Amino acid sequence: MVTNATLAKVRLGRQSPDERRENILSVAAEVFAHEGYGTASMSMIAARLGGSKATLYKYFTSKEELFQAVMQRKCESVIGPLEEMADTSRDPAELLLAFGKVFLARLCQHDAIIINRTVHGEGQRFPEVARAFFQYGPEAAYSVLVPAMTRFHAEGLINCPDPRLAVEQFLAMVRGDIHMRVICGLMPPPDEAEIERQVAHAVGIFVRGISRRDRPD
């Protein structure tokens, strides 16, 4: 009788190295989501893959490294579309609105919520989880938006002498109460209209705060 594990092993063997790595990350993300970081193990992930631990260790030397790669992959899917926008935008309000809407929508996706719950639940016991989250989550968002705000300030479009602090506070406004309510299971992820309302309000307040007082209307 051909088992699911046997079929998975056959599929794994037919994949290219890049495809195999992507498959490992997808399976690992599911395991971390359902089992938690503390309970998940390389043996468990290898079993779900239908391969051996030796194959898994060829790609990732530890559970911590594998978790970091899962976080980085998720971050790239969120941040990637925003990088070009931030590099080329000439309008602070337009950039903040577009960035904020994508940021909040992706932040409230199911897999991102699971990651946040994992960090809140296990970050104290496993500091590597919290470190990976901040490196590939908030810090990645800051690395895209801070240079844009620095450029706007240098060009005289805004008054923002501390762009890092400003970006931290702006993204906190975008998350608002909604993100924590979704994490706690008190509400479903917001729809497009609610995201637009939340982000537009945050942008309106924020842009007024960083506007140049000496510029004509």
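Let's start with helix α6, residues 92-107, and helix α10, residues 163-175, whose axes come within 10 Å and cross at roughly 55 degrees. That is in a predicted model, by the way, so please keep this in mind for everything I show you today. Why do we call this pair oblique? An angle of 65 to 115 degrees would count as roughly perpendicular and one under 35 as roughly parallel, and the crossing of roughly 55 degrees falls in neither range, so α6 and α10 are oblique to each other. The crossing of α6 past α10 is right-handed.

Who makes the contact? On the α6 side you can find Leu 96, Phe 99, Gly 100, Phe 103, Leu 104 and Leu 107, and on the α10 side Phe 170, Leu 171, Val 174 and Arg 175. Sorted by class, the residues between α6 and α10 are eight nonpolar, one polar and one charged.

While we are on α10, have a look at Gln 169, which also sits in that helix. Is Gln 169 buried or exposed? Its relative accessible area is 46%, so Gln 169 is partly exposed. From Gln 169 to Lys 101 you travel 68 residues along the sequence, and their C-alpha atoms are 16 Å apart in space.

Now let me step back to the whole chain. How many helices and strands does it have? The count is twelve helices and zero strands. Reading from the N terminus, then, you meet one α element after another. Along the principal axes, the C-alpha atoms fill a box of roughly 75 × 35 × 30 Å. The chain has 217 residues, and 40% of them count as buried. If you take contacts between residues at least 6 apart in sequence, 69% of them join residues at least 24 apart.

Next, the inside. In soluble globular proteins, nonpolar side chains tend to be buried together. Here, the largest nonpolar core holds 64 residues, and those with the most contacts inside it are Phe 32, Ile 45, Leu 66, Leu 145, Met 149 and Leu 171. Which helix gives the most to this core? That would be helix α5, residues 63-88, with ten residues. You may recall Leu 171 from the contact of α6 with α10.

Let's pick Ile 45 from that list and see what surrounds it. Beyond its neighbours within four places in sequence, Ile 45 is in contact with Val 27, Ala 28, Val 31, Phe 32, Leu 56 and Leu 66. One of those partners, Ala 28, belongs to helix α2, residues 17-35. Ala 28 is buried because its relative accessibility is 0%. With residues up to four places away left out, Ala 28 touches Ile 45, Leu 66 and Val 70. You can also check Ala 28 against Lys 63: they are 35 residues apart along the chain, and their C-alpha atoms are separated by 9.4 Å.

Back to α5, which has two more helix partners to show you. With α6, its axis comes within 10 Å and the crossing angle is roughly 170 degrees. Anything over 145 degrees counts as roughly antiparallel, and so α5 and α6 are roughly antiparallel to each other. In this pair, Lys 74, Ser 77, Val 78, Pro 81, Leu 82, Met 85 and Ala 86 of α5 meet Leu 95, Ala 98, Phe 99, Val 102 and Arg 106 of α6. By class that makes nine nonpolar, one polar and two charged residues. Phe 99 is worth finding on the screen, as it is listed here and also in the contact with α10.

The other partner is helix α8, residues 127-136, which packs on α5 at an angle of about 25 degrees, with the axes 9 Å apart. What does that make their orientation? Under 35 degrees counts as roughly parallel, so that is how α5 and α8 run. Their crossing is right-handed. From α5 we have Glu 64, Phe 67, Gln 68, Met 71, Gln 72 and Cys 75, meeting Glu 128, Val 129, Arg 131, Ala 132, Phe 133 and Tyr 136 from α8. This contact has seven nonpolar, two polar and three charged residues.

I'll finish with Thr 118, in helix α7, residues 110-122. Thr 118 has a relative accessible area of 9%, so it is buried. Leaving out residues up to four places away in sequence, Thr 118 touches Phe 32, Tyr 37, Gly 123 and Val 129. Two of those names have come up already: Phe 32 in the core and Val 129 in the contact of α8 with α5.

Definitions and conventions:
Residues are numbered from 1 along each chain as its sequence is written. This is a predicted model: local features need pLDDT of at least 70, side-chain atom pairs count only at pLDDT 80 or more; totals for chains, interfaces and linings use all residues. Side-chain values use heavy atoms; hydrogens and water are left out. Helices (H or I, at least four residues) and strands (E, at least two) are DSSP runs, numbered from the N terminus. Buried means under 20% relative accessible area, exposed over 50%, partly exposed in between (1.4 Å probe, protein chains only). Contact means heavy atoms within 4.5 Å. A nonpolar core is a set of buried Ala, Val, Leu, Ile, Met, Phe, Trp, Tyr and Cys residues joined through side-chain atoms within 4.5 Å. Axes are lines fitted to C-alpha atoms, for helices over the stretch in contact, and angles run from 0 to 180 degrees between N-to-C directions. A crossing is left-handed if the near helix is turned anticlockwise from the far one by less than a right angle, and right-handed if clockwise. Ala, Val, Leu, Ile, Met, Phe, Trp, Tyr, Cys and Pro count as nonpolar, Asp, Glu, Lys and Arg as charged, and the others, Gly among them, as polar.
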